[in-house]
Amino acid sequence: MLLQSQEVLCYDIAPPAAPRRDWANLTDGPAGLIAERVLAYDVVDYIRFRAVCCPWRRCSSEPCSRSGLDRRFHPWRWIMLREKLAVLDRHRFLSTSTGECIQVDIPELRDHELLAVTPEGLLVLVHDRKHIRLLNPLTHQLTKLPPLTTLIPPENHNKLSRGNSQFYIDFGAWGSGIANEDSTVVLSFSRRLMIGMAKPGDDHWTLLKYQCGTPEALMFAGRFYCVSVDGLMVLETGVDQPPRLELAAEMHMRVSSYSDDVHLVNNCAELMLVHSLCRRLGAQGELVRCYDAYRVDLDTKTLLPAKSLGGGAGRAVFMGTYCSLSVSLDVFPYGSICADTFYLSSGVGVEATSYHLADGSGEGIRKYKSSLVARPHTLVDCLSSSVTL
């Protein structure tokens, strides 16, 4: 039997090391291209990129040198959580795309009051109950807008005083945002059934009032939507025409102004309408709060009943009194939230109720019990508190 030996080659000298890359001295072309691609995905990654070294900062734009309405620098993937941290002015932000949490110092909140958060991730602030500002909490760029006194009628200026304990109810600005067409800021005071429109540099707001409806309003795909007695309405603006509300979709269901609520939801770039109503169920005719969901077909101006929120692993929606948040189960730990479920927050200190869209089951409201663990301490707690002011 012939055995063939295998020759083993040994080297006394190690193979040459790969040449070291000098990343800091990338030319402006490649480094600038990387910066553009990073910014196209997330402004947080862009801020980190610029923090690496001076050469990388030189080849990328300083965010504060751009317009505060430049959408590339808006933190629209991030939401500000409401729990208090040990450090004054420090707030926690959660990425709805990755589940990452970061902490950001916002000293601007020392002398400003928060009225709302826009879909772009900007904070709507008021200084001295008069001066409206938009703050980018990650770049700290502050955009000045016309005074609130140019929007509110003089006979109601007393409601802007420090003595008005209902100020945050009267002037919660949920539904505000930036219009796509010409970067006009839309300021929504849905409790007062009024909309203000202005651009940075304007000296006053353009006022538009609408008929009684629900306090729910939403900026969706750069357009303002609200619910009035006429149906789901959309704000239309034009150079030669005054701003006006036009019908976006008919609502054939009966909505009681006393017992019902209507919520508008941006469900992963799909506009949804959720009708909250009371029904008598079971043999005893028990009065139960139910939620009917509809997809809004803007082409046909109709509402289509929905029993699912869609998405690969599923989606869940957190709804507060004035705003909502849709999240994907692909992002968050398995079992922490349920698919096709509405989590409903009625305020700070109250656990979210849940309503399962598929079968109509749910859980009732419970007050937080005293505990050595500070609230909120679950994912549902955090996301529920993020949709309350």
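**Close-up views of a predicted model**

**Figure 1. The hairpin of β13 and β14.** In this predicted model, strands β13 and β14 make a hairpin, and two residues lie between them. Strand β13 covers residues 223-228 and pairs with β14 in the antiparallel sense, the two being joined over four bridges. Within this pairing, V227 is placed opposite L232 of β14. Strand β14 spans residues 231-236 and is mostly covered, with six of its six residues buried.

**Figure 2. The pairing of β14 with β15.** Strand β14 is also joined to strand β15 (residues 244-249), by five bridges, and the two run antiparallel. M233 has L247 as its bridge partner in β15. Strand β14 is thus shown here with β15, whereas the preceding view shows the hairpin with β13.

**Figure 3. The open sheet β8-β9-β10-β11.** Four strands form an open sheet in the order β8-β9-β10-β11, and their pairing is antiparallel. Strands β8 and β11 (206-209) stand at the edges with a single partner strand each, so one side of each has no neighbour in the sheet. Strand β10 (residues 194-198) pairs with β11 in the antiparallel sense over four bridges. M197 stands opposite T206, a residue of β11.

**Figure 4. The aromatic pair F171 and F189.** The model holds nine aromatic pairs. One of them, formed by F171 and F189, is edge-to-face, with 5.4 Å from centre to centre and 85 degrees between the planes. F171 belongs to the loop between α4 (167-170) and β8 (177-178), while F189 belongs to strand β9 (residues 185-189), so the pair ties together parts 18 residues apart in sequence. Both F171 and F189 are buried. Ring pairs link these two residues with F167 and Y168 into a cluster.

**Figure 5. The stacked rings of F318 and Y343.** The centres of the F318 and Y343 rings are 4.8 Å apart and their planes meet at 15 degrees; because this angle is under the 30 degrees cut-off, the pair counts as stacked. F318 lies in strand β20 (residues 315-319) and Y343 in strand β22 (residues 341-344), so that the pair links distant parts of the chain, 25 residues apart. F318 is buried, its relative accessible area being 0%. Y343 also counts as buried, at 7% relative accessibility.

**Figure 6. Arginine charges over aromatic rings.** The charged end of R129 is placed over the ring of F167, 3.8 Å from the ring centre. F167 is one of the residues of the ring cluster that also contains Y168, F171 and F189. At another site, R77 has its charged end over the ring of Y41, at 4.0 Å from the centre of that ring.

**Figure 7. The largest pocket.** The largest pocket encloses about 1200 Å³ of space. Its lining consists of 49 residues, and those nearest its centre are W76, P119, E120, N266 and L325. Two or more lining residues come from each of α1 (28-41), β1 (78-80), β12 (213-220), β16 (261-266) and β21 (324-328). By class, the lining comprises 27 nonpolar, 14 polar and eight charged residues.

Conventions
Residues numbered from 1 in each chain as written. Predicted model: local features only at pLDDT ≥ 70, side-chain atom pairs only at ≥ 80, totals over all residues. Heavy atoms only, no water. Phe/Tyr/Trp six-rings, centres within 6.5 Å; stacked < 30°, edge-to-face > 60°. Buried < 20%, exposed > 50% of the residue type's maximum accessible area, 1.4 Å probe, protein only. Lys NZ or Arg CZ within 6 Å of the ring centre and 35° of its normal. Pairing = 2+ DSSP bridges. 1 Å grid on protein atoms, 1.4 Å probe; cavity = no way out; pocket = protein on both sides within 12 Å on 5 of 7 lines; lining within 4 Å. Points joined across faces, edges and corners; volume = space filled by probe spheres on them. Nonpolar A, V, L, I, M, F, W, Y, C, P; charged D, E, K, R; others polar.
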